[in-house]
Amino acid sequence: MGGLPKQTSVAVIGAGTMGSGIAQVAATAGHKVCLYDAVPGAAQKGKEGIARSLNRLVEKGRIDEQTSAVMLARISAVEDLASCRSSSLIIEAIVEDLAAKRDLFGQIEGLCADDAILATNTSSLSITAIGADLHRPHRLVGMHFFNPAPVMALVEIVSGLATGRDIADTAYATAEDWAKIPVHAKSTPGFIVNRVARPFYAEGLRVYAEGGTDPATIDSVMRGSGGFRMGPFELMDLIGNDINAAVTRSVWQAFHCDPRYTPSLAQEELVAAGRYGRKSGAGWHAYGADAPAPSAVTAAPAPAPNQVLVEGHLGPAESLVTELERAGIPHARTDSNEVDSAGALVLDDTVLRLTDGRPATELAAELDEGHKLVLFDLAFDYARADRIAVAAADQTDPGAVAAAAGLFQALDKDVSVIDDIPGMIVARTVAMLANEAAEAAYQGVANPAAIDLAMVKGLNYPRGPLDWADRVGIEWICGLLSNLATVYGEDRYRVSPMIRRKTWSRKGFHDDG
């Protein structure tokens, strides 16, 4: 099924940042656009904002002045809702309030043609609930654009219980025609992105709340080791802690207070203090001309090892063997696992293991007396990682920590020593992202390919969480989550049935068949 013909008119209701951005996208694609806002003069201000946006594109050489003028001429700022009655697609982008949206769509349905498509840009409200009182609820669909709409590629096409498949398919094809990347999703709390992304913030907040390390270090590890463009705390500051906390609370309440989505007391305390982030001048980090740049905890330089014994297979960290070779560090390999039952790097009496979700202090009890245990975190790509987190068992002395730091420094990485937190930073976050994505797939919210695409295109993740699980090993993800559940004794870390199913079948999320 194709998208809407270019000669059809599109109406956008709500001329704020999102509405104006969507209007610009539709006009850029060749549609005439009717831009309306209930606040007098707001639609004209929205069009003026679009003009400034197009002028910036001209200044950057991406479009010429004539093209800009043509695009802007397609947009009409109107002062009454009835002016939008002839539009074939009407997109609502008003305040995120269920009652307000239901009232608006009741008005729109009474004005527009019977075959008009009604779309809501809601980021989390139920499509089914929004359309519950409509006479033609099958014509209502979610078209969730991401901010800024002209720049962000993803559009979630969300179907409520009544949404017609032909309507969802037309919205999908139209988004494609508008040079966007659409994904189909079922109407559930948070849809795909706002649901699956919760652990990205939640696990960082928990590491901080448990005294694992400070926000600057967590951010730096998530960037330098995890491959994310931003760490959770700097991203929360950018979004606004008030907004981020509100979305978390909304998802938590919508899932009947499921512990997986429990809001952070630490973040709520920050919001109560008015420290919203960049917009208020302070959040997890300080902002302003005189504000110091966030600084991660970094270990002092230590000597490189003389010899490394590689015992067994290192699992997701196996590429470290290649890095040893590249750095010219003498090493030998044995498959005997004499020192440690799991794969490990052994430096004299210091044993380095990839975290498996259990604390180093617990794992150290399994080692022969005289060996000191240090855990290290997962990396998106150990070759490209420029920072790694390590954590020592309570039984481990500072000399062993220095030895571990020296090894990773010899591999050209900064080292952050954190407290003995189960699952460390990157590993627990990636495992929980994969778990939430698997649960969304299991519940039919979207298929694995759509979920991964949404997380990469909607949030710039380095890899989709289910693809990441396939690459590190679903069995490893399952084991780490099981260990977290045991250590914490909380339902928050329960393993998705889909993760267990894939572990038993030995099939990845993206395997054919």
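At what angle do the axes of α8 and α10 cross, and within how many Å do they come? The two axes cross at roughly 120° and come within 9 Å. Everything in these legends refers to a predicted model.

**Figure 1. The whole protein chain, before we zoom in.**
The protein chain has 20 helices and 15 strands. Its C-alpha atoms fill a box of roughly 80 × 50 × 40 Å along the principal axes. How does the radius of gyration sit against the rule for a compact globule? For 513 residues that rule gives a value near 24 Å, and the chain has 26 Å, so the two agree. Buried residues account for 55% of the 513. The chain exposes about 21,100 Å², with carbon and sulfur atoms supplying 50% of that area. As for contacts between residues at least 6 apart in sequence, 68% of them join residues at least 24 apart.

**Figure 2. Helix α10 and what covers it.**
Helix α10 takes in residues 232-239 and is mostly covered, with six of its eight residues buried. Which ones are they? The buried set is Pro232, Phe233, Glu234, Leu235, Met236 and Asp237. The cover over these residues includes four helices: α8 (198-209), α9 (215-224), α11 (241-254) and α12 (265-272). Right after α10 comes Gly240, and its phi is positive, near 110°.

**Figure 3. The α8/α10 crossing, side chains included.**
Back to the pair we opened with: the axes come within 9 Å and cross at roughly 120°. α8 passes α10 in a left-handed crossing. On the α8 side, the contact is made by Phe200, Tyr201, Gly204, Leu205 and Tyr208. On the α10 side, Pro232, Phe233, Leu235, Met236 and Ile239 do the touching. Some of these names were already in the previous view: Pro232, Phe233, Leu235 and Met236 are among the buried residues of α10.

**Figure 4. The eight-strand sheet and two of its helices.**
Here eight strands make an open sheet with mixed pairing, in the order β3-β2-β1-β4-β5-β6-β7-β8. The edges belong to β3 (75-78) and β8 (181-186), and each of them pairs on one side only. From one strand to the next, the twist averages 25°. At the β3 edge, β2 (residues 32-36) and β3 pair in the parallel sense over four bridges. Within that pairing, look for Cys34 standing opposite Ser76 in β3. Helix α2 (residues 42-59) lies across β2 and β3, and runs at about 155° to β3. Helix α4 (residues 98-111) also packs on the sheet, where it touches β1 (9-13), β4 (89-92), β5 (117-120) and β6 (140-145). The direction of α4 makes about 165° with that of β5.

**Figure 5. Thr170 and its surroundings.**
Thr170 belongs to helix α6, residues 165-177. Is Thr170 buried or exposed? Its relative accessibility is 12%, so Thr170 counts as buried, the cut-off being under 20%. Leaving out residues up to four places away in sequence, Thr170 touches Met1, Gly2, Gly3, Leu4 and Ile117. Of those, Ile117 falls in β5 (117-120), one of the strands touched by α4.

**Figure 6. The seven-strand sheet.**
Another open sheet with mixed pairing is built from seven strands, in the order β10-β9-β11-β12-β13-β14-β15. Why is one side of β10 and of β15 left without a neighbour in the sheet? β10 (331-334) and β15 (414-418) stand at the edges and have a single partner strand each, so one side of each stays unpaired within the sheet. Neighbouring strands are turned by 25° against each other on average, direction ignored. Over at the β15 edge, β14 (residues 387-392) and β15 pair in the parallel sense over five bridges. Ala389 stands opposite Ser416 in β15.

**Figure 7. Gly281, out in a loop.**
Gly281 sits in the loop between α12 and β9 (308-311). Its relative accessible area is 27%, so Gly281 goes down as partly exposed. Not counting residues up to four places away in sequence, Gly281 touches Ala286 and Tyr287. How far is Gly281 from Asp377, in sequence and in space? The two are 96 residues apart in sequence and 32 Å apart in space, C-alpha to C-alpha.

Terms used: Residues numbered from 1 in each chain as written. Predicted model: local features only at pLDDT ≥ 70, side-chain atom pairs only at ≥ 80, totals over all residues. Heavy atoms only, no water. Pairing = 2+ DSSP bridges. Axes fitted to C-alpha atoms, helices over the stretch in contact; angles between N-to-C directions. Buried < 20%, exposed > 50% of the residue type's maximum accessible area, 1.4 Å probe, protein only. Contact = heavy atoms within 4.5 Å. Rg over C-alpha atoms; globule rule 2.2 N^0.38 Å. Areas by Shrake-Rupley, 256 points an atom, 1.4 Å probe, with all protein chains shown as cover. Left-handed = near helix turned anticlockwise from the far one by under 90°.
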